[in-house]
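Dear colleague,

I am passing on the structure that you will be working with, and below it I describe what was found. Please keep it open beside you while you read.

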Amino acid sequence: MRIYHSEMSKARRARTELDGGQLVPPWECPERVDMILEGLRKAGFTEVVEPAEHGLAPVLAVHDADYVDFLATCWDDWQALGREGEAIAWIWPTRTMPGRRIPSCVDGRLGHYALGADTSICGGTFEAAQASKDVALSALDHVLATGEPAFGLCRPPGHHAAVDQFGGYCFFNNAAVAAQRALDAGLSRVAILDVDFHHGNGTQQIFEQRSDVLFVSIHGDPMTCFPYFMGHADEVGEGEGAGYTVNYPLPEGTGAEVWFHVLEAAKERIRETGCELLIVSLGVDTFENDPISAFKLSSDDFTEMGRRLGALGLPTLLLMEGGYAVEEIGVNVANVLSGMTSGAVERG
């Protein structure tokens, strides 16, 4: 399986994350990339390709232009004020302040475009986000050209990024950008299967009124798990998109038996809707020792996950989402890819 990766994805090296009332080093860090690459190398995945540049047009096909401009200028605007720390939102247009106008100052714009205070903006953020979507799009181009699966080692991740909001370490929604690109290339319907522990609120928001993208997510119950305010089972899409959003919220502590039972149900929904391409938002933070998640999958379970995904028999693009800097992250990603390769062979 071909792997796509850009060293520019490490350009974002944030120092601060608001967690439990304290500013701490972020769980999402550049070291994750090296750990994953090492795990892939040890498993025999040695074909690592630098992505081509794709510009901002594919991003603007799913994201608001003013939002993209904000991401491009935020750090410079922040520094121009003489701020020593990183750019973190601290005021929002809440339910009692609907925010009908976007402020001109960077503090107000941060609040308008941020989902929460968990994710800071630092130098290199915009450049890393651009590299991440280039990874996704180059991997997609390979899948469309060959029918073979590909893995995009995207960093920053993307599935929390909405049309005009960032958060959860995400800035551009890589899976959404890739899905739109595939549709523009002539496909009729694409499936995005999100297996990250945290619900892909951004992906759902982007596509929930459309029927050309089926969004299916298996995740921690939003009553107790980030991002809290989306991902319930009764959220099924709206208007033309009714029936094309499928959420499987599961309780904290969910293990492999229940998780795989739900995966089979998710696969059946994908089959029923006649999707021509599978995009997997691959979070491995369902791992039992992940520091900010609460499912109980083992490293061996990720091999089975890959096998079952490969058995679906669709051209498949896997894009990195969550899964944090624990020793096993590289093993877990490599196990998914190894399992998927064997699953595809079994089906063939």
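How many helices and how many strands does the secondary structure of the protein chain come to? Bearing in mind that this is a predicted model, the secondary structure comes to 10 helices and 10 strands. The radius of gyration of the protein chain is 19 Å, close to the 20 Å that the globule rule gives for 348 residues, so the chain is as compact as a globular protein of that length. Taken along the principal axes, the C-alpha atoms fill a box of roughly 60 × 45 × 40 Å.

Turning to the interior, buried residues make up 57% of the 348 residues in the protein chain. If you consider contacts between residues at least 6 apart in sequence, 77% of them join residues that are at least 24 apart. The protein chain exposes about 13900 Å², and carbon and sulfur atoms supply 51% of that area.

One helix to look at with some care is α4, which spans residues 106–113. Eight of the eight residues of α4 are buried, so this helix is largely enclosed by the rest of the structure. The buried residues are V106, D107, G108, R109, L110, G111, H112 and Y113, and what covers them includes α3.

The loop between α3 (65–80) and α4 (106–113) is the place of M97, a residue that is partly exposed, with a relative accessible area of 43%. Together with W90 and I91, M97 makes a nonpolar surface patch of about 340 Å².

Finally, there are the cysteines, for which a disulfide would need two sulfur atoms within 2.5 Å of each other; by this rule the count comes to zero disulfides. Why does C105 have no bond to C74, which holds the closest cysteine sulfur? The two sulfur atoms are 11 Å apart, which is too far for a bond. C122 is in no disulfide either, since the nearest cysteine sulfur, again that of C74, is 10 Å away. As for their surroundings, C105 counts as partly exposed at 42% relative accessibility, whereas C122, at 5% relative accessibility, counts as buried.

With good wishes for your reading

Definitions and conventions
Residues numbered from 1 in each chain as written. Predicted model: local features only at pLDDT ≥ 70, side-chain atom pairs only at ≥ 80, totals over all residues. Heavy atoms only, no water. Patch = residues over 30% accessible without salt bridge, like charges linked within 9 Å, V, L, I, M, F, W, Y side chains within 5 Å. Areas by Shrake-Rupley, 256 points an atom, 1.4 Å probe, with all protein chains shown as cover. Salt bridge = Lys/Arg side-chain N within 4 Å of Asp/Glu carboxyl O. Helix = DSSP H or I, 4+ residues; strand = E, 2+ residues; numbered from the N terminus. Buried < 20%, exposed > 50% of the residue type's maximum accessible area, 1.4 Å probe, protein only. Rg over C-alpha atoms; globule rule 2.2 N^0.38 Å. Contact = heavy atoms within 4.5 Å.
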